[in-house]
Amino acid sequence: MDRRTFLTMSGAGALVAAGGAVFAQGAAQPLRVIPMTDLVDGIDGRIPLSLSPGTHDFGNGVASETFGINQSYLGPVIRAKQGQTLPFDVANNIGDVSTIHWHGLHIPGAVDGGPHQEIEPGSVWSPDVPIVQHASMNWFHSHTHGKTARQTYNGLAGVLLIEDEASLDADLPKTYGVDDFVVVLQDKMFDGSGRMTYALTGEVFEDGFQGDTLVINGAIAPARQTVPTGLVRLRILNACNARFLELSMETGPITVIAADGGFLASPVEADSIVMSPGERYEVLVDMGATSSNALTVNLEGDGDGGFFAGLFGGAQATTALTLSRTDETGFGGSMPSQLATLDPPRPAEATVTRSFELQMDVGADLAALALAWENFCGDAGAMAINGLPMNMDRIDETVAKGDTEIWRISVDNQLHPFHIHGCSFRILSQNGAAPPAYAQGWKDMVHVEDGWSEVLVRFDHDAPADAPYMYHCHILEHEDCGMMGQFTVG
Ligand code: C2O
Ligand code: CU
Ligand code: CU
C-alpha cells in the first residue's frame, strides 16, 4: 500500500481517507491503567504468566483477536525490586510455540528467554530470574524464532519495572495510577470492520510493519487522565514493531529522567525525543506549572529519523495523552537536581572492538516470502549481519565475561534500532555524532543510520552455546528475517 494514501479509521468506526500519514484520532478515552503485579514487598509462591489467545476491544467497540498475558491484550506491569529472584511460571496456551524474553535484564543466557528457550504449546517454562541491576524500566515480549513480529504485535508483551532502595526512597512521584503511569505506545492497523490486522508484503518486510493508528496501553489514542497538582511521572515504552516515534509535550520541553537501563545523572530537558521500537524513557511533567498538558507523538522522528521523514513528510504531531490537573495535592516534591551517579564512559578501557554491519538485502525474494506468510527467511536469509542471516546453530561471537568492549554497528541503508541482550551499555557515538543528552545514560538500544554507531559494553553473566545471547535489529520483521546474531559469554 502507498503510505501516503493510508485509510485511517475514526473513533466511530467509519473509514476516512487521510491525505497525510496522520494517526487516526477519535474522542479522548480515559487512559487505561494496566493492572500491576507488585512484588516489591515480597513474593508469595510462583508468578504465573499465562500466554493466551483472546479478544480485545481497542476502544472502537469491536472485538479484535489478540494474544494476552493474564489478560486479553499485553501483560501486567510487573514491579520488582533489586535483589529479588522472580520465580515465573510461563504457561503457553496460544497453540503455537512461543518464548518470553526479558528485554533489558542483566541475567544469564539460560533464563534470558531468547529463541533457544522455546515453550511448546501446552507446556510451562519456569525460569528463576535474578534481579541484580538498578532501578530501570524493562519489558518482556515474545522472541520466537521467525515469529517474534506477529506474536508481539498480537499482544505478547508487558512491562517489568525494577526498583531499588534508592528509587524507592527517591523524592519522585511513585503512586501507580495516580502520579506515576506506564505508557505503552504501539501503532496498529485496523480493517474496515475495526478488527486489528497484520499483513505481510515485500514492502512490509523492508520497512517493518507500520500501522496508521496509535494505541496507548491497548486503547486507541488519544487518552486523557486527571492528575493531582505537582510532578507526574510517565514511564514510556515504544512497543511498536517497527516505527520510530518522536515525542514532545504540548507545552514546554519534555523532561527526561531515565533511559532504558536507569536514571540519568540529572533531568534532561529536550524539545523532543526520538524513541525507536524497544526503547524506554521516563519523563516528569510539572502539573504545578500548568493546569493541562499533553504528550504528543509525531511519526516523523525528526532529527535522526531521515528514513521516516522521507516517507512521512508533513506529518503532524498528534495528541496522545492529555493530562488535566485537579485541585488535589499529589506528589509534593520539586524537580530533582540530581538523580544518580553516572560516570562518563571510558572507551580507553576497551580491550576488544567488534564490528557489525546490518544488511537489508542479501538476496531472498521478500514478496514471495510474504505471500507464503513466512517471516523467517531461512538460510536464503533476506537480511543479515556481517553477511550471515541468523542461524540458531551458529555462534557468531565469543565474548569473555568482564571484558570491556566497543561494538561498532553500521548499516547499508535505512534507520535501524540495534539491541544487545544481557547488558546495559553506553552510547559512544550514534549516527556518527554524540548521542542526545537524554540518551547518554544506560541503554540497551542504539539507533544506527549514517556512519557508525558505537557502544561501550561489558557482560557480567554467562551465556553458554546452548543458551546464547542475541544481538539484533529491533524492527521485529527485520529480526525475524535474519538481521540477528548470537554470542556466548563465559
Ligand atoms: Cu526486545 Cu532480543 O529483544
Ligand atoms: Cu533483549
Ligand atoms: Cu532493521
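This short talk walks through the metal sites, the strand pairing, the nonpolar cores and the aromatic contacts of the structure shown above. Please keep in mind throughout that this is a predicted model.

Let me begin with the metals. For the copper ion written as ligand 3, the protein donors are His416 through ND1, Cys473 through SG and His478 through ND1, and these atoms lie 2.0 to 2.2 Å from the ion. Read along the sequence, the spacing of these donor residues is H-x56-C-x4-H. The pair of His416, in strand 31 (residues 416-420), and Cys473, in strand 35, links distant parts of the chain, 57 residues apart. His416 is buried, with a relative accessible area of 0%, and Cys473, at 0% relative accessibility, counts as buried too.

Strand 31 also takes part in another site, since the copper ion written as ligand 2 is coordinated by His101 and His419, each through NE2, at 1.9 to 2.0 Å. Here His101 lies in strand 9 (residues 101-103) and His419 in strand 31, so the pair ties together parts that are 318 residues apart in sequence. Are these two histidines buried or exposed? Both His101 and His419 are buried.

Turning to the strands, I would point you to an open sheet of 5 strands, in the order 28-27-30-34-32, with mixed pairing. Strand 28 (384-385) and strand 32 (426-429) stand at its edges with a single partner strand each, and therefore one side of each is left without a neighbour in the sheet. Within this sheet, strand 30 (residues 404-411) and strand 34 (residues 453-458) run antiparallel and are joined by 6 bridges, with Glu405 standing opposite Val457 of strand 34. As a general reminder for reading such a sheet, side chains in a regular strand alternate between its two faces.

A further stretch of pairing centres on strand 25 (residues 292-298), where 6 of the 7 residues are buried, so that this strand is largely enclosed by the rest of the structure. Strand 25 is joined by 4 bridges to strand 20 (residues 245-249), and the two run antiparallel; in this pairing Glu246 stands opposite Asn298. Strand 25 also pairs with strand 26 (residues 318-329), again in the antiparallel sense, over 6 bridges, and there Asn293 faces Leu323 of strand 26 as its opposite residue.

Now to the nonpolar interior. The largest nonpolar core has 96 residues, and the members that touch the most others are Leu247, Trp407, Phe418, Ile420 and Phe459. The element that gives the most to this core is strand 14 (residues 180-190), with 7 residues. There is also a second, separate core of 25 residues, which includes Leu39, Phe67, Trp102 and Leu156.

Phe459 deserves a slower look. Once its neighbours within four places in sequence are left aside, the residues in contact with Phe459 include Val399, Trp407, Ile420, His421, Cys423, Tyr469, Phe487 and Val489. Phe459 also belongs to one aromatic cluster, together with Phe356, Trp407, Phe418, Tyr469, Tyr471 and Phe487.

How many aromatic pairs does the structure hold? There are 20. One of them joins Tyr281 and Tyr438 in an edge-to-face arrangement, 5.3 Å centre to centre with 85° between the planes. Because Tyr281 lies in strand 24 (residues 280-286) and Tyr438 in the loop between strand 32 and strand 33 (445-448), the pair ties together parts that are 157 residues apart in sequence. Tyr281 is buried at a relative accessible area of 1%, and Tyr438 is buried at 8%.

Tyr469 and Phe487, already named in the cluster, form a tilted pair, with 5.4 Å between centres and 45° between the planes. Tyr469 sits in strand 35 (residues 469-473) and Phe487 in strand 36 (residues 484-489), so this pair ties together parts that are 18 residues apart in sequence. Tyr469 counts as buried, at 0% relative accessibility, and Phe487 likewise counts as buried, at 0%.

Finally, I would mention two places where a charge meets a ring. Arg408 lies over the face of Trp452, at 4.2 Å from the ring centre, and the charged end of Arg426 sits over the ring of Trp442, 5.2 Å from its centre.

Conventions
Residues are numbered from 1 along each chain as its sequence is written. Chains are lettered from A and ligands numbered from 1 in the order in which they are written. This is a predicted model: local features need pLDDT of at least 70, side-chain atom pairs count only at pLDDT 80 or more; totals for chains, interfaces and linings use all residues. Side-chain values use heavy atoms; hydrogens and water are left out. Two strands pair if DSSP finds at least two bridges between them. A nonpolar core is a set of buried Ala, Val, Leu, Ile, Met, Phe, Trp, Tyr and Cys residues joined through side-chain atoms within 4.5 Å. Buried means under 20% relative accessible area, exposed over 50%, partly exposed in between (1.4 Å probe, protein chains only). Contact means heavy atoms within 4.5 Å. Rings of Phe, Tyr and Trp (its six-membered ring) pair if their centres lie within 6.5 Å; planes under 30 degrees apart count as stacked, over 60 as edge-to-face and the rest as tilted. A charge sits over a ring if NZ of Lys or CZ of Arg is within 6 Å of the ring centre and within 35 degrees of the ring normal. Donors are N, O and S atoms within 2.8 Å of the metal (3.2 Å for Na, K and Ca); water is not among the atoms, so sites may look incomplete.
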